Structures are given as structure tokens and as C-alpha cells.
Amino acid sequence: QVQLVESGGGLVQPGGSLRLSCAASGTIFTINAMGWYRQAPGKQREFVALITNGGNTNYADSMKGRFAISRDNARNTVYLQMNSLKPEDTAVYYCNAAIIRSPSVWGQGTLVTVSS
């Protein structure tokens, strides 16, 4: 099985930056892609960004140009660099691993609060 642990959330002022990390462990060879999702209070969980094993990336339109997803294969870790943060970016951010021939795996989430 795959386990995911997110870190890096916190309180940041509007216009600031944060970098989230997601460390994978377990049967990581079964991971096909990894991504980030977020869920704001009272809203549904939404897609943020994705990176495949081949390094291809995909972003939600509202995050393009502000967020960047990357991976460190040696550390089995995926990062989400978030710049120019806005209050509407406040949410719990979840890491997701797409598993070959199995349901995807979620991390426990990390809270990002953008407020002055």
C-alpha cells in the first residue's frame, strides 16, 4: 500500500508564498501520477495540479502561472509551490496518488490560510 504525508501548510498573508510537500512511502512503484486537490470551507474538493511519472504536468486554470508542481524522485516527494496567494486560496490541500489498477490514495490534508 501507499501512504502519503503532507506538510508545509500554515498562515500566510495575501501575496505571499508557501511550498507544500507530499512524501510517499510503501509500494511507490504502483504510483502512476501524483496530484494536489483542495477543499475550501463549504465547497467541494477541487483539482489543483497533477504530475505524471514522466514529468508531465497539468493545472487547474485558476492556478496556472501562480502554482507549480514538481517532484523529487530520490525523496519520493511531490511539491506544490504556491505564489501570489489570495484569500480564496484558503483551503485544506490534499495530496493524491493515482495507483495502477487500484483506487487512488489520499493524504490527511494540510491547511492553508491566506489572511492579513
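**Close-up views of a predicted model**

**View 1. A hairpin built from E7 and E8.** Strands E7 and E8 make a hairpin with four residues between them, and in the turn Asn-76 has a positive phi of about 50°. Keep in mind throughout that this is a predicted model. The two strands run antiparallel and are joined by six bridges. To find your place in the ladder, look for Arg-71, whose bridge partner in E8 is Val-78.

**View 2. Asp-72 and its neighbours.** Asp-72 belongs to strand E7. Its side chain makes a polar contact with the side chain of Arg-75, at 2.9 Å. Leaving aside residues up to four places away in sequence, Asp-72 touches Thr-77 and Tyr-79.

**View 3. Strand E8 and its other partner, E3.** Six bridges also join E8 to E3, and this pair runs antiparallel. Here Arg-19 has Gln-81 in E8 as its bridge partner. Arg-19 is worth a second look for its side chain: the charged end sits over the ring of Tyr-79, 4.1 Å from the ring centre. How much of E8 is buried? Five of its six residues are, so the strand is largely enclosed by the rest of the structure.

**View 4. The largest nonpolar core.** This core has 31 residues. Those with the most contacts inside it are Leu-4, Met-34, Trp-36, Leu-80, Met-82 and Tyr-93. Several strands each supply at least two residues of the core, among them E1 (2-7), E3 (18-26), E4 (31-39) and E8 (77-82). Which strand gives the most? That is E9, with five residues. As background, nonpolar side chains in soluble globular proteins tend to be buried together.

**View 5. Leu-80 at close range.** Not counting residues up to four places away in sequence, Leu-80 touches Leu-18, Arg-19, Leu-20, Trp-36, Val-48, Ala-49, Phe-67, Ala-68, Ile-69 and Tyr-93. Two of these names, Trp-36 and Tyr-93, also appear with Leu-80 among the residues with the most contacts inside the core.

**View 6. Aromatic rings meeting at Trp-106.** The count of aromatic pairs comes to three. In one of them, the rings of Tyr-37 and Trp-106 have centres 5.0 Å apart and planes at 70°, so the pair is edge-to-face; the cut-off for that label is an angle over 60 degrees. This pair links distant parts of the chain, with Tyr-37 in strand E4 and Trp-106 in strand E10 (residues 105-106), 69 residues apart. Both residues count as partly exposed: Tyr-37 has a relative accessibility of 24%, and Trp-106 has 36%. Trp-106 also forms an edge-to-face pair with Tyr-94, at 6.4 Å centre to centre and 90° between the planes. Tyr-94 lies in strand E9, 12 residues from Trp-106.

**View 7. Tyr-94, from ring cluster to charge.** Is Tyr-94 buried or exposed? Tyr-94 is buried, with a relative accessible area of 14%; the limit for this label is under 20%. Ring pairs link Tyr-94 with Tyr-37, Phe-47 and Trp-106 into a cluster. The ring of Tyr-94 has a charged neighbour as well: the charged end of Arg-45 sits over this ring, 3.8 Å from its centre.

Conventions:
Residues numbered from 1 in each chain as written. Predicted model: local features only at pLDDT ≥ 70, side-chain atom pairs only at ≥ 80, totals over all residues. Heavy atoms only, no water. Core = buried A, V, L, I, M, F, W, Y, C linked by side-chain atoms within 4.5 Å. Buried < 20%, exposed > 50% of the residue type's maximum accessible area, 1.4 Å probe, protein only. Contact = heavy atoms within 4.5 Å. Polar contact = N/O pair within 3.5 Å; in protein donor to acceptor, adjacent residues only side chain to side chain. Pairing = 2+ DSSP bridges. Phe/Tyr/Trp six-rings, centres within 6.5 Å; stacked < 30°, edge-to-face > 60°. Lys NZ or Arg CZ within 6 Å of the ring centre and 35° of its normal.
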